[in-house]
There are 2 protein chains.
Amino acid sequence: MTDKTKNNSLNITAVDSSSLVDKVEQTLIDLLISEKLNPGDQIPKELELTEMLGVSRTVIREALNRLKTIGLIESTKRKGSTIKSPDLLFLLKKSLIPNILDQATLKDIFELRLVIEIGMSDLIYNRATPEDIAELEQIVATEPDSPKEVLFDVDHEIKFHGKLYQISGNHTLIDFQTILLPAFRYVYDSGMIESPNHDSKWVSHQDLVKILKDGNANKFRNAMRKHLDRHFKGYFK
Amino acid sequence: MTDKTKNNSLNITAVDSSSLVDKVEQTLIDLLISEKLNPGDQIPKELELTEMLGVSRTVIREALNRLKTIGLIESTKRKGSTIKSPDLLFLLKKSLIPNILDQATLKDIFELRLVIEIGMSDLIYNRATPEDIAELEQIVATEPDSPKEVLFDVDHEIKFHGKLYQISGNHTLIDFQTILLPAFRYVYDSGMIESPNHDSKWVSHQDLVKILKDGNANKFRNAMRKHLDRHFKGYFK
DNA sequence: TATTGGATTATGTCATACATAATGCGTTTC
DNA sequence: GAAACGCATTATGTATGACATAATCCAATA
């Protein structure tokens, strides 16, 4: 009778069900970490790894392929594989296909956008150049004065807020926006969330620009919060 | 004379240098999108794909392996591969190995943490239960009263802020924290950023809890900003 | 000196065979 | 008749050998 046949309170060690490729992948990642390898450094050739780890080239290749997929290495013919500083957001871009994400995650992402835009107010306020502000002014110039008349135009929305991301100067954030966008748009298009209405206290894009120009960091942050308030509705009541 | 031999101003179409696997991968992703497939749906078997796309099983497998790596599919023996709602952050966790990231990205991530923690103040304020607050009070109970005496203890820092992420109720954010953390710690340990000092206007953890309990959303958000101010130093001057 | 044209090397692709886990089904057993 | 067992089936997982292809080096040549 083997341990496997019994599932009661005997001290039975869990069987390692991971595949060979899984193990090799982890081994390689550990190697990258422990050896303190830097971008540009080379890792052993496939055939060398085959010998070192005692598995077939097939397995080595599949494991390397995974590292390649997550952007940790890069391989060229004759040269072999070299370490790379991964583009963190590149992956997200690939895997974030809205119709495949479940609703909970989509909602999380929607919230994430609100969180980020409020939080990055400080970056924006401290980094906006006069040229940036001029550009923002131009973007909002075509908007009607009265909030009541402002339709919710996703494209215009993206243009304005996209510029804000750019002003933040944080490239990871900028990439982030291009990732959040499809999900964001999807949330609206699919009717998960009702298109926002404006009440009288609403802060318009024009107001935001004004405050960015003449206010201070705190004012701008709080104004941004008010601007996004319409999106928060439905979450908190 | 082929187009390839000339590199001057002739109208020369760029050569497609992507590998077969690259193409198959993209083809499969397009398939997922266009066919409006949902999690749980099956995709064709490897051998079927081999016939459909006219490439060897090796290539098919490598492409599938990539989709598996980015969490879009899942494969089991005999059953084949099925679509999966990807865990977005799982990937980041793997590829974010601090010593491999370049400095610029590390700095971006450091900023990102600040952005997120300020921005999620609203989530925290609106979702904190009395039990949450009690727990926070317990965490900060051991801290000295005077800001001046507070040492910068990364572990304690993580404990407190980790609880805040949890209160936010946004699972993507919670995952995010476990990702930002190693990078965050690395930034300090490697001396890229000096360990913060507290000035007299500093808002302590204790202050934050008090405001979360008795203040309002705006006060809490601005307090959080002040609390993190020491980290912002060095960026803006 | 500059260019050309192999030789070399390591990854990329193909083909085939077998191992392994999951599933279903019929047979045995009580 | 129902549970348990064993066997065939199926699709992925692993191993192996062969060849294709791109990048690089180096020697021969003009």
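Biologist: In this predicted model, why are Lys210(A) and Asp214(A), on the face of α10(A) turned away from its buried side, called exposed?

Modeller: The label "exposed" takes over 50% relative accessible area. Lys210(A) and Asp214(A) both carry that label, so each one passes that cut-off.

Biologist: Which residues of α10 (residues 205-214) of chain A are buried, then?

Modeller: They're His205(A), Gln206(A), Leu208(A), Val209(A) and Leu212(A). To get that name, a residue has to be under 20%.

Biologist: What makes you say they line one face of α10(A)?

Modeller: Look down the axis of α10(A): the buried residues fall within an arc of 160°, so they line one face of the helix. Their cover includes α6 (121-127), α7 (130-140), α8 (154-168) and α11 (217-227) of chain A.

Biologist: And what makes the link between Ser204(A) and Gln206(A) at the start of α10(A) a polar contact?

Modeller: A side-chain oxygen of Ser204(A) comes within 3.3 Å of the backbone nitrogen of Gln206(A). The limit is 3.5 Å, so the pair counts.

Biologist: Over to DNA strand D: how do you know that Arg61(B) makes a polar contact there?

Modeller: An N or O atom in the Arg61(B) side chain is 3.2 Å from a phosphate oxygen of the strand. Again the limit is 3.5 Å, so it qualifies. Ser75(B) also has a polar side-chain atom 3.2 Å from a phosphate oxygen, while for Arg78(A) the partner is a sugar or linking oxygen, 3.3 Å away.

Biologist: What classes of residue make up the surface near DNA strand D?

Modeller: There are 10 charged, 7 polar and 4 nonpolar residues.

Note on methods
Residues are numbered from 1 along each chain as its sequence is written. Chains are lettered from A and ligands numbered from 1 in the order in which they are written. This is a predicted model: local features need pLDDT of at least 70, side-chain atom pairs count only at pLDDT 80 or more; totals for chains, interfaces and linings use all residues. Side-chain values use heavy atoms; hydrogens and water are left out. A polar contact is a pair of N or O atoms within 3.5 Å; within protein, one must be able to donate a hydrogen and the other to accept it, and residues adjacent in sequence count only if both atoms are side-chain atoms. Ala, Val, Leu, Ile, Met, Phe, Trp, Tyr, Cys and Pro count as nonpolar, Asp, Glu, Lys and Arg as charged, and the others, Gly among them, as polar. Buried means under 20% relative accessible area, exposed over 50%, partly exposed in between (1.4 Å probe, protein chains only). Helices (H or I, at least four residues) and strands (E, at least two) are DSSP runs, numbered from the N terminus. The arc is that of the directions from the helix axis to the C-beta atoms. Contact means heavy atoms within 4.5 Å.
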